[in-house]
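Student: I would like a close look at one part of this model, and I would like the answer to start from the arrangement of the chains before it goes into detail.

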Number of protein chains: 2
Amino acid sequence: MATIAGQDESCCIPLTAAPITPDDATELSRKFKALADPTRVRLLSLVAAHEGGEACVCDITEPVGLSQPTVSHHLKILVEAGLLAREQRGTWAFYSVVPGALGHLSDVLRDPIARDAGIVAV
Amino acid sequence: MATIAGQDESCCIPLTAAPITPDDATELSRKFKALADPTRVRLLSLVAAHEGGEACVCDITEPVGLSQPTVSHHLKILVEAGLLAREQRGTWAFYSVVPGALGHLSDVLRDPIARDAGIVAV
DNA sequence: GGTCTAGATAGACAACCTTCGATGGAGGAC
DNA sequence: GTCCTCCATCGAAGGTTGTCTATCTAGACC
């Protein structure tokens, strides 16, 4: 049933529009849990803003000021949450943001009433 | 410096547009941490979808199937994260979603490239 | 006053998370 | 082959979190 990277079709209903099902809440909270650490938020941002939209571990370990195993650990959590993708090229492991993964979360959090008035034009 | 409910102006820069500062990452992760539990996601959704956009504890304790103190505990976390507001009316405590709080998070998660093409028209 | 209800707080306990140093494994250079 | 670099995994320590029961506070009502 998944379209891309495990996302199901229930993704596009804003959280505030109707009571979410327990299963969907669990799935959603799994992704938010991946973002519930300042280091992981920084890693995600660093990867996304890096040239080419991808970065290897060595590129982002020093900026966050943590040990390499810890950074590897956090990156794994982001990958398992479906937010980052990992590609091995030679000795290096390149991480990139999964297309649409953050947009999916953005859609779920969008206020269906206030947002319509303020943003959407077409 | 806060505009509404502790939100600062750095809120509107998408996470993926540029490397986030450590302070902003900490602030952001505090809000995501509030959403990092399935029960809290359900509570938020139940409150938002309840008639009038507000609900008392007794309205939402039974649907989530947890004890009343536990629900109170989760609601407090959501309030402290700036996502819910609490108003005491008589014996009841009414909770409602803080206007713009989720929209703020939605904006931060929006992909500045892919989203521009798909949504914004003006 | 006394009693009932709605909800918050306190304390306890198990589970989980973050971080580290040490180690292991795979690929490239020589 | 040997060495070196990049990165993942392992095991452990310390802190944090989710849940409960028991208790407390504050209104409403008689």
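Student: By what turn, and with what shift along the axis and what RMSD, can chain B be laid on chain A? Please then go on to the part I care about, the protein surface near DNA strand C: which residues come nearest to the strand, and which elements give two or more residues to that surface?

Tutor: The model is predicted. A turn of 180 degrees with a shift of 0.0 Å along the axis lays chain B on chain A, and the RMSD is 0.0 Å. The two copies are therefore related as by a two-fold rotation axis. Within chain B, B:Ser106 has the C-alpha nearest that axis, at 2.1 Å. Of the interface residues of chain B, 100% are also interface residues in chain A, so the copies meet through the same surface.

Now the surface near DNA strand C. There are 23 residues around the strand, and those that come nearest are A:Thr70, A:His74, B:Ser72, B:Arg86 and B:Tyr95. On the DNA side, 74% of the atoms of strand C that come within 4 Å of the protein belong to sugar and phosphate. By residue class, the surface divides into ten nonpolar, nine polar and four charged residues.

Some polar pairs can be named. In chain A, an N or O atom in the side chain of A:Ser67 is 3.0 Å from a phosphate oxygen of DNA strand C. In chain B, a polar backbone atom of B:Val57 is 3.2 Å from a phosphate oxygen of the strand. A base nitrogen of DNA strand C is also involved, with a polar side-chain atom of B:Gln68 2.9 Å away from it.

As for the elements, two or more residues each come from helix H2 (38-49) and helix H4 (68-80) of chain A, and from helix H3 (57-64), helix H4 (68-80) and strand S3 (92-97) of chain B. H4(A) gives the largest share, five residues.

Several of these elements belong to a sheet or pack on one. In chain A, three strands make an open antiparallel sheet in the order S1-S3-S2. Strand S1 (54-56) and strand S2 (84-89) of chain A are its edges, each pairing on one side only. From one strand to the next, the twist averages 30 degrees. Six bridges hold the antiparallel pairing of S2(A) with strand S3 (residues 92-97) of chain A, and A:Ala85 has A:Ser96 in S3(A) as its bridge partner. Helix H2(A) packs on this sheet and touches S1, S2 and S3 of chain A, with its direction at about 95 degrees to that of S3(A).

In chain B, three strands likewise form an open sheet, antiparallel and in the order S1-S3-S2. Strand S1 (54-56) and strand S2 (84-89) of chain B each have a single partner strand, so one side of each is left without a neighbour in the sheet. The twist here averages 30 degrees from one strand to the next. S1(B) and S3(B) run antiparallel and are joined by three bridges; B:Glu54 stands opposite B:Ser96 in S3(B). Helix H3(B) packs on the sheet against S1 and S3 of chain B, its direction making about 80 degrees with that of S1(B). Helix H4(B) packs there as well, touching S2 and S3 of chain B, and its direction makes about 120 degrees with that of S2(B).

Terms used:
Residues are numbered from 1 along each chain as its sequence is written. Chains are lettered from A and ligands numbered from 1 in the order in which they are written. This is a predicted model: local features need pLDDT of at least 70, side-chain atom pairs count only at pLDDT 80 or more; totals for chains, interfaces and linings use all residues. Side-chain values use heavy atoms; hydrogens and water are left out. A residue is near a molecule or strand if one of its heavy atoms lies within 4 Å of it. A polar contact is a pair of N or O atoms within 3.5 Å; within protein, one must be able to donate a hydrogen and the other to accept it, and residues adjacent in sequence count only if both atoms are side-chain atoms. Helices (H or I, at least four residues) and strands (E, at least two) are DSSP runs, numbered from the N terminus. Ala, Val, Leu, Ile, Met, Phe, Trp, Tyr, Cys and Pro count as nonpolar, Asp, Glu, Lys and Arg as charged, and the others, Gly among them, as polar. Two strands pair if DSSP finds at least two bridges between them. Axes are lines fitted to C-alpha atoms, for helices over the stretch in contact, and angles run from 0 to 180 degrees between N-to-C directions. Contact means heavy atoms within 4.5 Å. Copies are superposed by least squares on the C-alpha atoms of residues with pLDDT of at least 70 in both.
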